[in-house]
Every structure is written in C-alpha cells, then in structure tokens.
Protein chains: 2
Amino acid sequence: MTAVLKNDLLLRALLREPTPRRPIWLMRQAGRYLPEYRATRARAGNFMAMCMSPQFACEVTLQPIDRYPLDAAILFSDILTIPHAMDVGLEFEAGEGPKIERPIRSAADVDKLKIPDPAHELRYVVDAVALIRRELNGRVPLIGFAGSPWTVGTYMVEGGGSKTFGRIKRMMYESPRVLHRLLDVLARSTILYLNAQIAAGAQAVMVFDTWGGVLTPAQYEEFSLHYMAQIVDALTREADGRRVPSIVFTKGGGAWLAKIAAIGCDAVGVDWTTDLATARAAVGGRVALQGNLDPSALFAPAATLHAETLRVLDSFGAGPGHVFNLGHGITPDVDPERVAVLVDTVRNYTPR
Amino acid sequence: MTAVLKNDLLLRALLREPTPRRPIWLMRQAGRYLPEYRATRARAGNFMAMCMSPQFACEVTLQPIDRYPLDAAILFSDILTIPHAMDVGLEFEAGEGPKIERPIRSAADVDKLKIPDPAHELRYVVDAVALIRRELNGRVPLIGFAGSPWTVGTYMVEGGGSKTFGRIKRMMYESPRVLHRLLDVLARSTILYLNAQIAAGAQAVMVFDTWGGVLTPAQYEEFSLHYMAQIVDALTREADGRRVPSIVFTKGGGAWLAKIAAIGCDAVGVDWTTDLATARAAVGGRVALQGNLDPSALFAPAATLHAETLRVLDSFGAGPGHVFNLGHGITPDVDPERVAVLVDTVRNYTPR
C-alpha cells in the first residue's frame with residue numbers, strides 16, 4: 001500500500017499547475033557538503049558501495065529531507081550506473097573522478113555492450129527506489145534520474161572525465177555510425193532503466209545532459225537531443241494514477257531551450273548562464289522551468305544569498321511552472337547553514 | 001621604414017569592408033600540432049622561455065605562415081604574461097597547465113600588485129612584436145593579443161586552471177570590491193600592454209575571454225564585459241595611418257554577442273556552439289564576426305572536414321565581415337595535413 005503524497009508541489013509545478021508557493025529541491029542535495037553524508041560514506045567505504053547498497057542510498061537520499069523542508073527527494077545514485085552494469089570497469093578513484101578501465105573506442109567495443117536488465121544488473125537501483133519511496137512515506141515526491149546517452153557516452157569513450165572531449169569528438173567525425181550505435185544502446189538501456197525506476201516508485205524523472213553544451217547546434221540535435229527525445233517518448237506516462245513528469249537538463253544548453261522543450265518533456269532545466277525570463281520567453285510556456293541559482297551564490301553572505309535567490313524567483317515572473325533549483329549541483333565546500341537560508345527564502349517568497 | 005602590407009584581407013574584413021575572398025587564420029596556429037614548433041620548443045627548453053625570447057617567439061609565429069597561406073600572423077605569447085610580470089610566481093608544469101605560486105586571495109594581495117611597464121617587465125613581448133613585424137615584411141598583418149581581466153583573474157585567484165572557479169566566485173560573492181580592484185588593475189595593465197603592442201607594430205588586437213562563459217548574464221556584464229569595454233575604449237585607434245581593429249572573444253558567450261558588439265570593438269569572436277547565422281542576426285551588422293569551426297572537425301576525414309568548413313562559410317551568408325577561424329584553439333593532436341585541407345577550402349570558397 002502506497003502512502004498518500006502529502007506535498008505534491010513539485011509534481012504540480014512540473015505540470016505547470018498553480019501552486020501556493022514555488023517548490024524547491026537542489027541538484028546533488030544529498031552530497032558531501034553534509035556532515036551526515038560524509039559519515040555514511042565513511043561507513044560505506046567508497047562512493048560506488050554507497051550507490052550499490054539500497055540501505056546506504058536510502059539513508060543519504062533522506063538526509064537533506066530530514067535537515068531542510070525541501071519539496072522533493074532525488075534518488076542517490078550516479079549517472080554511470082549503466083556503463084557500470086555494462087561491465088566496462090568503472091572505478092571512482094578518490095579525488096580523481098570516474099575512470100573506465102575498458103573504454104569504448106571501436107565498433108567491436110560497441111558490439112560487446114549488452115543492454116542491462118534493470119531487474120538484474122541494476123537491481124540495486126530499483127530496490128533503492130522502492131525502499132526510499134517506502135521510507136519517505138509520502139512526505140515529498142521521489143525523483144528518479146539517468147544521464148543522457150551523449151553524456152554517459154563521453155565517459156565511456158574518453159575513459160573518464162574530459163576537458164576537450166577529443167576522443168568522442170574524433171569518433172563523431174571519423175566514424176559517426178559507431179557513435180550512433182553506442183548512443184542507441186545507451187538510449188535503449190536508459191528507457192528500461194527509467195521505466196524500472198518509475199515502476200519501483202519514482203514519481204518524476206530527470207535526464208542529466210551534463211556535456212551536451214560542448215557540441216555545435218547541429219551536433220547537439222543529432223547526437224544528444226535526438227536520443228533524449230527517444231527516451232522521453234518511451235517513458236511510462238502514469239503511475240499510481242498520476243502523471244510522471246519528465247525533466248530534461250542540458251548544462252550549457254541555454255541557446256537550445258526551445259528545441260529541448262519541443263521533445264515532449266514536461267520541464268526543462270536551466271543553468272545559471274541564462275536568465276529565467278529569457279528562458280521562459282524561449283520556451284513560450286510549453287514546459288515548466290527548473291533552476292537556476294548560480295551554485296556559487298551559496299558562498300555568499302546570507303544577505304547576498306537572500307537577494308540573489310529573490311532575483312532568480314523574480315526573474316521567472318508570475319504564474320505557475322517554476323521549480324526552484326540551482327543551475328548545477330551543490331559543491332562539497334558549501335556551508336549547510338547557507339542552504340537553510342536559501343530554502344527559507346524560497347519557501348517564504350511571495351511574487352512582488 | 002615599414003614594409004607595405006601585401007595582404008590586408010584580414011584588416012578589411014574586420015572593418016566589414018568588401019574582400020575578394022574570406023580571410024582565414026587559426027587560433028593557436030603556432031602550436032604543438034606542428035613538428036617545427038615542437039622542435040623550437042625543445043631548443044628553447046620550456047614554454048615560458050619560448051615566450052620570453054623575441055627570437056623564439058618570432059620563429060614560431062612565422063612557422064604556420066611559412067607552411068600555409070594564412071591571412072594573418074598572431075603574436076606567439078601567453079595570456080598570463082601580465083601576472084608573470086606582476087611577480088605572482090607563474091610556472092608552466094609539463095602537462096599540468098599553469099600554476100601560480102602566490103595566488104591572489106585578499107585585499108592585501110591585490111594592493112601589492114603593480115601595473116607592469118610594457119617597456120620594462122614586458123619588454124620581451126614588445127620586442128617580439130617589433131621583430132615579427134620586421135620579419136613578416138608585409139606578407140600578412142600581425143595580430144597582438146591579451147587575456148581579458150576576468151580570465152586572467154581566474155588564474156590569479158584560483159592559482160592555476162580550474163573546473164569550478166570556486167575561489168574566484170567565492171571572492172565575487174564575499175568581497176566583490178576586492179575582485180573589482182583586481183580586475184581594474186588588470187584592465188589598466190592590459191591597456192598599456194596592448195597599446196605597447198600596437199606601437200611596436202601589431203596591426204589588429206584581440207582580447208581572449210576564455211572563461212567569461214562561466215558567469216551569469218549579470219555577472220558577465222559586471223565582472224568581464226565591463227573591463228573589456230574599458231580596454232576597447234582606451235585602445236590606440238590608428239597606426240601607420242590605418243585603423244587597428246579590435247576583436248573580442250568570449251568562449252561560451254553565445255548568448256551575449258549583441259552586448260559584446262555594443263562595447264565598440266570592431267569584431268566579435270564566436271565559438272562553435274552558436275551558428276554564424278544566429279550570431280550575425282544577434283549583432284545586427286554592427287561588427288564583423290570571427291569563427292567558428294569546431295576545432296574537433298580537424299579530426300574528420302578530408303571530405304567531412306571540407307563539408308563542415310563549407311557549412312561554416314555558408315552559414316555566415318553573403319556580404320563582408322567574416323574572418324574564418326576555429327571556434328577555439330587548434331589542439332596538439334591535429335594532423336598538419338588536415339589544416340592544409342581547411343585553409344585550401346576557405347581560400348577557394350565562392351559563396352553559393
């Protein structure tokens with residue numbers, strides 16, 4: 001039996017339905033800036049162990065919800081769970097970011113990739129979703145997520161993070177069909193993965209396209225947006241008799257917001273480099289917007305942070321369809337007290 | 001006595017005067033992708049030694065001009081010569097990027113900074129410009145350059161390169177006046193520096209704002225564009241009876257092209273994430289545009305590279321005011337033969 005959802009502000013705002021106030025959650029809200037997170041991580045041993053244990057994942061997912069009156073929980077996991085399940089040898093080296101032991105460099109490498117079965121290789125994620133949903137007990141909705149095929153693909157081809165994306169861009173220009181096959185396998189894997197999260201209890205889903213912004217406009221449409229459209233198109237529409245809204249976020253995608261809005265998602269994430277007023281004009285009311293405080297504003301003194309937060313809230317303007325968030329994830333060096341100031345400012349906001 | 005300029009396509013295109021064909025030069029055209037550059041660097045010992053020797057700087061500046069029929073030479077130097085002259089302890093560690101031993105973290109640190117005298121601490125650059133100009137003997141114009149105050153400031157505050165710019169953003173939010181004082185010192189230094197380059201023979205100048213794109217729109221105007229406007233405003237207008245055109249380039253600044261165009265520069269650089277047609281509509285014919293082939297297109301097979309180059313040329317449309325370039329610098333792993341294909345395609349282009 002599923003608990004009744006007590007706070008559905010997020011779900012309503014994502015569908016551009018009126019809400020008494022703007023909902024707020026924060027990308028990477030379960031993260032290293034919280035001492036309780038660092039304590040759990042120390043107990044788990046390492047990052048991937050924390051992701052792979054439904055108990056640990058549930059624990060850290062709930063930490064920010066217990067500490068702040070946020071309007072949503074987001075599954076604690078990583079965008080690289082799919083390549084991990086594809087057995088490419090993913091490691092998180094301390095302070096180094098992800099490394100992939102067997103990167104994808106050829107058609108033969110792509111051929112070897114199998115679409116992970118969420119009920120088996122990714123079972124730990126599905127179980128985490130179910131457990132978190134149960135433990136949330138209807139306090140706030142739970143957001144599931146996945147990386148975009150392009151973004152996940154960059155790690156698989158580069159063998160880790162990258163500054164120039166030289167290897168995947170070389171593949172794009174030298175053997176675009178191989179790259180398309182990789183992205184297609186990733187898109188199909190992501191569809192199964194997100195739908196399994198929805199079946200297990202995720203009440204909204206988000207696709208993170210962290211690296212779409214390194215592409216030309218034409219490449220973005222062909223190699224990133226196309227696959228996100230495929231995913232959005234195949235998502236389960238409803239669960240528990242409610243629409244499951246989808247959010248698509250391309251960091252650095254400010255110029256392409258209208259194109260993203262056109263793929264059928266319910267909401268579009270906006271990073272801090274685009275004003276929400278500009279973003280809203282670009283999408284023309286077709287979708288809700290999520291964002292977009294500069295994450296570094298959390299370093300500001302309380303009064304400045306308060307003013308910057310109001311500026312973001314004001315910039316969206318009147319009417320429904322805004323979910324407050326940062327323009328990117330919280331960084332580890334943020335003081336948790338500043339987050340309290342931010343959440344408080346958003347919760348007490350009345351449009352001027 | 002100054003040699004007559006035999007090829008002034010660049011200068012005319014930057015001023016939106018008609019030219020028989022589109023001029024082309026490439027950011028970082030004197031660079032590691034050229035075996036002759038690597039040989040000079042080996043002789044010089046290290047990167048900074050190469051910058052600080054007018055002979056070596058002249059030698060590598062001319063290498064791409066000798067190899068390809070390019071329409072401009074650009075001074076071989078680095079955007080960190082100004083902090084180097086300010087004695088902050090700049091080091092280029094092999095494969096590591098720049099490190100600054102004594103980063104700027106406080107008002108006291110800023111107070112200690114002295115504006116370098118181009119005739120003394122930066123004499124080696126001025127001498128290099130004069131020598132290159134003499135050695136070019138009028139073949140093509142020579143472009144001088146500097147980093148934008150914001151971009152140079154990021155290295156000085158972060159102590160080197162950065163992914164998140166956490167320290168300078170913290171300074172921006174915590175003590176904006178300190179940051180403004182740093183940027184002001186850098187802007188005043190840059191004015192003297194660029195005007196000294198012009199006096200020594202630079203026929204056009206470019207300001208590289210590599211990191212302006214990490215700011216919000218309001219921060220970009222306040223902390224980056226404002227100082228570039230100050231610089232453009234104070235530049236020497238004419239030398240040898242000719243206008244000295246200025247180019248301003250903010251990587252990731254696609255959304256702000258109209259604002260950049262309004263500061264009084266003659267041309268605006270465009271990275272590969274914005275189509276030139278979009279860029280041209282944004283600036284409304286007030287400035288010339290420079291760009292914007294994806295540097296990774298140089299990995300493509302010749303036929304694809306040719307087609308991508310035509311696409312960029314076509315996207316600008318008809319009429320004067322386009323200087324062909326990449327959207328960012330050439331990377332070291334490019335095959336010099338591909339550059340020949342690119343240059344050839346641009347030189348033989350006739351608008352369709």
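**Figure 1. Helices α14(A) and α15(A) are oblique to each other in this predicted model.** The two axes come within 9 Å and cross at roughly 40°. An angle of that size is above the 35 degrees under which helices count as roughly parallel, and therefore α14(A) and α15(A) are classed as oblique. Helix α14 of chain A covers residues 302-316, and helix α15 of chain A covers residues 336-347. Their crossing is right-handed. On the α14(A) side, the contact uses Ala302(A), Leu305(A), His306(A), Thr309(A), Leu310(A) and Leu313(A). On the α15(A) side, Arg338(A), Val341(A), Leu342(A), Thr345(A) and Val346(A) take part. By class, the contact of α14(A) with α15(A) has 7 nonpolar, 3 polar and 1 charged residues.

**Figure 2. Helix α10(A) runs roughly parallel to helix α11(A).** The view takes in residues 176-200 of chain A, which form α10, and residues 217-234 of chain A, which form α11. The axes come within 9 Å and cross at roughly 30°. That angle makes α10(A) roughly parallel to α11(A). α10(A) passes α11(A) in a right-handed crossing. From α10(A), the contact draws on Leu179(A), Leu183(A), Ala187(A), Thr190(A), Ile191(A) and Leu194(A). They meet Phe223(A), Tyr227(A), Gln230(A), Ile231(A) and Ala234(A) of α11(A). The contact of α10(A) with α11(A) divides into 9 nonpolar and 2 polar residues, with no charged ones.

**Figure 3. Helix α8(A) packs obliquely on α10(A).** Helix α8 spans residues 149-158 of chain A. α8(A) and α10(A) meet at an angle of about 120°, with their axes 9 Å apart. The pair is therefore oblique. The crossing of α8(A) and α10(A) is right-handed. Pro149(A), Trp150(A), Val152(A), Gly153(A) and Met156(A) come from α8(A). Their partners in α10(A) are Leu182(A), Leu183(A), Leu186(A), Ala187(A) and Thr190(A). The contact of α8(A) with α10(A) has 8 nonpolar residues, 2 polar and no charged. Leu183(A), Ala187(A) and Thr190(A) of α10(A) also meet α11(A).

**Figure 4. Chain A meets chain B through 24 residues on each side.** Helix α9 of chain A, residues 166-174, gives the largest share of the side of chain A that touches chain B, with 5 residues. By class, the side of chain A that touches chain B has 8 nonpolar, 10 polar and 6 charged residues.

**Figure 5. A cis peptide bond occurs in strand β10 of chain A.** The bond runs from Gly291(A) to Asn292(A), with omega near -5°. Asn292(A) belongs to strand β10 of chain A, residues 288-293. Chain B has a cis bond from Gly291(B) to Asn292(B), also with omega near -5°. Asn292(B) sits in strand β10 of chain B, residues 288-293. Most peptide bonds are trans.

**Figure 6. Asn137(A) and Arg16(B) have positive phi values.** Most residues other than glycine have a negative phi. Phi of Asn137(A) is near 55°. Asn137(A) lies in the loop between α7 (123-136) and β4 (142-147) of chain A. Asn137(A) is exposed, because 11 other C-beta atoms lie within 10 Å. Phi of Arg16(B) is about 60°. The loop between α1 (9-14) and α2 (35-44) of chain B holds Arg16(B). Arg16(B) is partly exposed, with 19 other C-beta atoms within 10 Å.

**Figure 7. Lys112(B) is an exposed loop residue.** Lys112(B) sits in the loop between α6 (107-111) and α7 (123-136) of chain B. Lys112(B) has 12 other C-beta atoms within 10 Å. A residue is exposed at 12 or fewer, so Lys112(B) counts as exposed. The C-alpha atoms of Lys112(B) and Asp87(B) are separated by 10.0 Å. Along the chain, Lys112(B) and Asp87(B) are 25 residues apart.

**Figure 8. Chain A as a whole agrees with a compact globule in its radius of gyration.** With 352 residues, such a globule would have a radius of gyration near 20 Å, and chain A has 19 Å. The C-alpha atoms of chain A fill a box of roughly 60 × 45 × 40 Å along the principal axes. Chain A has 15 helices and 11 strands. Of its 352 residues, 55% count as buried. Among contacts in chain A with a separation of 6 or more, 71% join residues 24 or more positions apart.

Notes
Residues numbered from 1 in each chain as written. Chains lettered and ligands numbered in written order. Predicted model: local features only at pLDDT ≥ 70, side-chain atom pairs only at ≥ 80, totals over all residues. Helix = DSSP H or I, 4+ residues; strand = E, 2+ residues; numbered from the N terminus. Rg over C-alpha atoms; globule rule 2.2 N^0.38 Å. Buried ≥ 20, exposed ≤ 12 C-beta atoms within 10 Å, placed from the backbone. Contact = placed C-beta atoms within 7 Å. Axes fitted to C-alpha atoms, helices over the stretch in contact; angles between N-to-C directions. Parallel < 35°, antiparallel > 145°, perpendicular 65-115°, else oblique. Left-handed = near helix turned anticlockwise from the far one by under 90°. Nonpolar A, V, L, I, M, F, W, Y, C, P; charged D, E, K, R; others polar.
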